[in-house]
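This briefing goes through one protein chain by topic. It begins with totals for the chain and then turns to helix packing, charged pairs and individual sites.

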Amino acid sequence: MQGFTAAVRPRFVQLVNRPSPKIFSLRAFSSSSSDYGNQSRGGLPRFFSEVFPSSKGSIVRVEGDEFWHMTKVLRLSTNDRVELFNGKGGLVEGCIQRIDRTGLDFEAMEDPKLVLPHHTQWHVFAAFGTLKGGRADWLVEKCTELGAQSVTPLLTERSPSISENRVDRLQRVILAATKQCQRLHEMVLNPPMKVDSLLPIVAQSKLSFVATAEATPLVTALSSSRKESSGMIIVGPEGDFTEEEVNMIMEAGATAVGLGPHRLRVETATMALLATLMLWSDSQQLPNA
């Protein structure tokens, strides 16, 4: 969605100096639209790299956390085969060419592939800043696994803040979950947003749902919803939105939906809404998704 910015991540890799360096270009990628069930590529260990090899035979340097995971946790060694992904759909198979004390050299054994997302892009706005005991981590982890395009911490009257340290931790949770579930497009964690700033985005969205008590059941609402390539999910804090906040969000264009007769926790409501909408959107044939 327009206006969203991804959190800045420390760079894990750098290109190895070569006499004739190869220039990175998306044109070197072969494009693929295969579904996510076929992306494990034989189950090779997969690691994140912002800098990507441009073609077969290119070498990139892996350092930092990913280097530690590869050599100290999994104890991989020279000539072991692994995969690199860049969180933007890029995937390449290669092998470890050389290891030293500060990093390792990865050599691409094929041209990188670019897998394009093909399902509806769901953007989650959830007021989870006050959640305790790892519940916010769980929410973000499951949003990653289910395939949300982005998550934005929503600041409301009853959940007015979220610590910067927590945001940094959540970014690490997202990367770990992305690797674990074999996802190629990394979920974006946006900066916290107030309800007032959310309203213009709702107004521009053609498909947005806000979870509220005693509203029309979600499945009923979906029966009359139009097919779109992008949508929004809005979930309030513990204690729910205030009446004024709900009214503002609905006046901006969101559809209020109910999730059953029971009172749900923030993370439970988010998962119920996202899982249902992912299954619904994946069952639709979107010509421009």
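## Overview

Of the 289 residues in the protein chain, 49% are buried. The model is a predicted one. Its secondary structure comes to 7 helices and 15 strands.

**Whole chain**

- The protein chain exposes about 14700 Å², and carbon and sulfur atoms supply 50% of that area.
- Among contacts between residues at least 6 apart in sequence, 81% join residues at least 24 apart.

**Helix packing**

- The axes of helix 2 and helix 7 (residues 266–282) come within 10 Å and cross at roughly 5°.
- An angle under 35 degrees counts as roughly parallel, so helix 2 is roughly parallel to helix 7.
- On the helix 2 side, the contact is made by Arg135, Trp138, Leu139, Lys142, Cys143 and Leu146.
- Helix 7 contributes Val266, Glu267, Thr270, Met271, Leu274, Ala275 and Met278 to this contact.
- In helix 4 (residues 195–204), the buried residues are Val195, Leu198, Leu199, Ile201 and Val202.
- The cover over these buried residues of helix 4 includes strand 9, strand 10 (150–155), strand 12 (193–194), strand 13 (208–211), strand 14 and helix 6.

**Salt bridges**

- Side chains of opposite charge can pair when their charged atoms come close.
- A search of the whole structure finds 14 salt bridges.
- One of them joins Arg61 and Asp105, with the closest N and O atoms 3.1 Å apart.
- Arg61 lies in strand 4 (residues 59–62) and Asp105 in strand 7 (residues 104–108), so this pair ties together parts that are 44 residues apart in sequence.
- Buried means under 20% relative accessible area, so Arg61, at 8%, is buried, and Asp105, at 5%, also counts as buried.
- Arg61 and Asp105 belong to a network of salt bridges that also links Glu63, Arg98 and Asp100.
- Glu238 forms a salt bridge with Arg135, the closest N and O atoms being 2.8 Å apart.
- This second pair links distant parts of the chain, 103 residues apart: Glu238 is in the loop between strand 14 (230–235) and helix 6 (243–251), and Arg135 is in helix 2.
- Glu238 is partly exposed, with a relative accessible area of 36%, whereas Arg135 is buried at 17%.
- Arg135 is also among the helix 2 residues that make the contact with helix 7.
- Glu141 pairs with Lys142 in a salt bridge whose closest N and O atoms are 3.1 Å apart.
- Glu141 counts as partly exposed, at 27% relative accessibility, and Lys142 is one of the helix 2 residues in contact with helix 7.

**The site around Ala127**

- Ala127 is found in the loop between strand 9 (121–126) and helix 2 (135–146).
- With 1% relative accessibility, Ala127 counts as buried.
- Leaving aside neighbours within four places in sequence, Ala127 is in contact with Leu154, Thr156, Ser159, Val235, Gly236, Pro237 and Val266.
- Leu154 is 27 residues from Ala127 along the chain, yet their C-alpha atoms are separated by 4.4 Å.
- Val266, a contact of Ala127, is also one of the helix 7 residues in contact with helix 2.

**Nonpolar surface**

- Trp68, Val73 and Leu74 form a nonpolar patch on the surface.
- Together, Trp68, Val73 and Leu74 have about 320 Å² of accessible area.
- Val73 lies in helix 1 (residues 64–73).

Note on methods. Residues numbered from 1 in each chain as written. Predicted model: local features only at pLDDT ≥ 70, side-chain atom pairs only at ≥ 80, totals over all residues. Heavy atoms only, no water. Patch = residues over 30% accessible without salt bridge, like charges linked within 9 Å, V, L, I, M, F, W, Y side chains within 5 Å. Areas by Shrake-Rupley, 256 points an atom, 1.4 Å probe, with all protein chains shown as cover. Salt bridge = Lys/Arg side-chain N within 4 Å of Asp/Glu carboxyl O. Helix = DSSP H or I, 4+ residues; strand = E, 2+ residues; numbered from the N terminus. Buried < 20%, exposed > 50% of the residue type's maximum accessible area, 1.4 Å probe, protein only. Contact = heavy atoms within 4.5 Å. Axes fitted to C-alpha atoms, helices over the stretch in contact; angles between N-to-C directions. Parallel < 35°, antiparallel > 145°, perpendicular 65-115°, else oblique.
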